[in-house]
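Subject: Structure for your files

Hello,

Here is the structure I said I would pass on. My notes on it follow below.

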Amino acid sequence: MRTWMQKEPLDERNLAVNVYKHRMKLWATEIDLLPYDETMIGTLKYDGELNFAFFDGNKVTFANRYARLREDMPTATELANILIAKGFETATLAGELYAVGPNESKLKLGPVMHRIKKPHNKEEEDSVRFGAFDIIELNGKDISTLDYRTRINMLSEIVDGKKVHTVPFKTGRKGCMELWNKVIAEGLEGLVIRSEEHGNMKIKQSLEVDLVVIGLKTGGISWDRGEA
């Protein structure tokens with residue numbers, strides 16, 4: 001996999017991902033506070049990294065929000081082949097790069113980021129996946145101006161590979177709750193909910209832990225006696 005870091009200023013492809021992230025304006029909420037909105041659309045969220053996939057008619061280059069560009073990886077090759085076979089000249093897709101273990105099992109974030117950034121071997125490189133959840137541009141046409149329901153449905157008809165796929169999505173509160181059950185059952189990261197009325201929401205699993213302090217050790221010359 002060819003991976004390289006850009007020097008400042010950022011490549012315009014990295015900047016485009018930054019703009020997208022800021023425009024989404026995700027706010028965190030809890031599943032119990034999910035509003036009753038039958039027009040909202042929920043998509044599964046994976047432990048991974050937001051990336052754009054830029055297709056130039058021949059190859060795909062992945063760009064993150066910072067300074068990293070990636071190409072010559074099996075995931076990029078598969079996505080390029082899909083887009084070429086379907087006759088597209090250019091495309092820009094938004095999604096998450098993530099990685100899986102044996103039999104598509106879930107990995108913790110640390111190993112996921114390692115495999116995305118610098119895989120040790122071909123097995124790790126082959127484990128990288130791209131879950132697409134939005135279309136930005138297609139054949140030179142700005143698709144981002146269309147409503148999200150239209151975009152995600154278009155995407156589901158285009159991206160249908162093994163290493164690249166359209167993320168599962170559902171409409172309405174009932175559909176989003178069905179996705180949440182999948183999150184719980186498979187230990188996934190969470191959901192992203194898009195609602196014209198309530199904005200864009202991010203929902204993750206939470207864990208409460210009770211802690212009791214059983215000891216305290218202080219050090220350093222700035223600590224006064226009895227102070228913590």
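The largest nonpolar core has 61 residues. This is a predicted model, and everything below is computed from it. Within that core, the residues with the most contacts are L34, V60, F62, L79, L93, F130 and I193. Strand β8 gives the most to the core, with 7 residues. L79 shows how the core is knitted together: leaving aside neighbours within four places in sequence, L79 is in contact with A53, V60, F62, L93, F130, V159 and V164. As background, nonpolar side chains tend to be buried together in soluble globular proteins.

Helix α3 comes next. α3 spans residues 109-117, and V112, M113, R115 and I116 are buried in this helix. These residues lie on the same side of α3, because they cover an arc of only 165° around the axis. What covers them includes strands β4 (49-55), β6 (68-71), β7 (91-99) and β8 (128-138), along with helix α4 (122-126).

There is also an open sheet of 5 strands, in the order β2-β13-β12-β3-β11, with mixed pairing. Its edge strands are β2 (27-28) and β11 (169-171), each of which pairs on one side only. β2 pairs with β13 (residues 199-204) in the parallel sense, over 2 bridges. One bridge partner to look for there is K202 in β13, which sits opposite A28. Helix α6 (residues 172-186) packs on this sheet and touches β3 (41-45), β11, β12 (190-195) and β13. The direction of α6 makes about 150° with that of β11.

The pairing of β12 with β13 is antiparallel, over 6 bridges. A hairpin of 3 residues joins β12 to β13, and G190 has K204 in β13 as its bridge partner.

K204 turns up again among the salt bridges, of which the count comes to 14. Three of the pairs are described here.

- E189 and K204: the closest N and O atoms are 2.9 Å apart. The pair links distant parts of the chain, with E189 in the loop between α6 and β12 and K204 in strand β13, 15 residues apart. E189 is buried, at a relative accessible area of 13%, whereas K204 is partly exposed, at 41%. Salt bridges that share partners join K45, E96, E189 and K204 into one network.
- E178 and K170: these side chains meet in a salt bridge at 3.5 Å, N to O. E178 counts as partly exposed, at 38% relative accessibility, and K170 is partly exposed too, with a relative accessible area of 35%.
- D126 and K122: the closest N and O atoms are 2.7 Å apart. The two residues are separated by about one helical turn, because they are 4 residues apart in helix α4. K122 is exposed, with a relative accessible area of 59%.

If you open the model with one question in mind, I would suggest this: which residues are joined with E189 into one network by salt bridges that share partners? They are K45, E96 and K204.

Regards

Methods:
Residues are numbered from 1 along each chain as its sequence is written. This is a predicted model: local features need pLDDT of at least 70, side-chain atom pairs count only at pLDDT 80 or more; totals for chains, interfaces and linings use all residues. Side-chain values use heavy atoms; hydrogens and water are left out. Two strands pair if DSSP finds at least two bridges between them. Contact means heavy atoms within 4.5 Å. Axes are lines fitted to C-alpha atoms, for helices over the stretch in contact, and angles run from 0 to 180 degrees between N-to-C directions. Buried means under 20% relative accessible area, exposed over 50%, partly exposed in between (1.4 Å probe, protein chains only). The arc is that of the directions from the helix axis to the C-beta atoms. A nonpolar core is a set of buried Ala, Val, Leu, Ile, Met, Phe, Trp, Tyr and Cys residues joined through side-chain atoms within 4.5 Å. A salt bridge is a side-chain nitrogen of Lys or Arg within 4 Å of a carboxyl oxygen of Asp or Glu.
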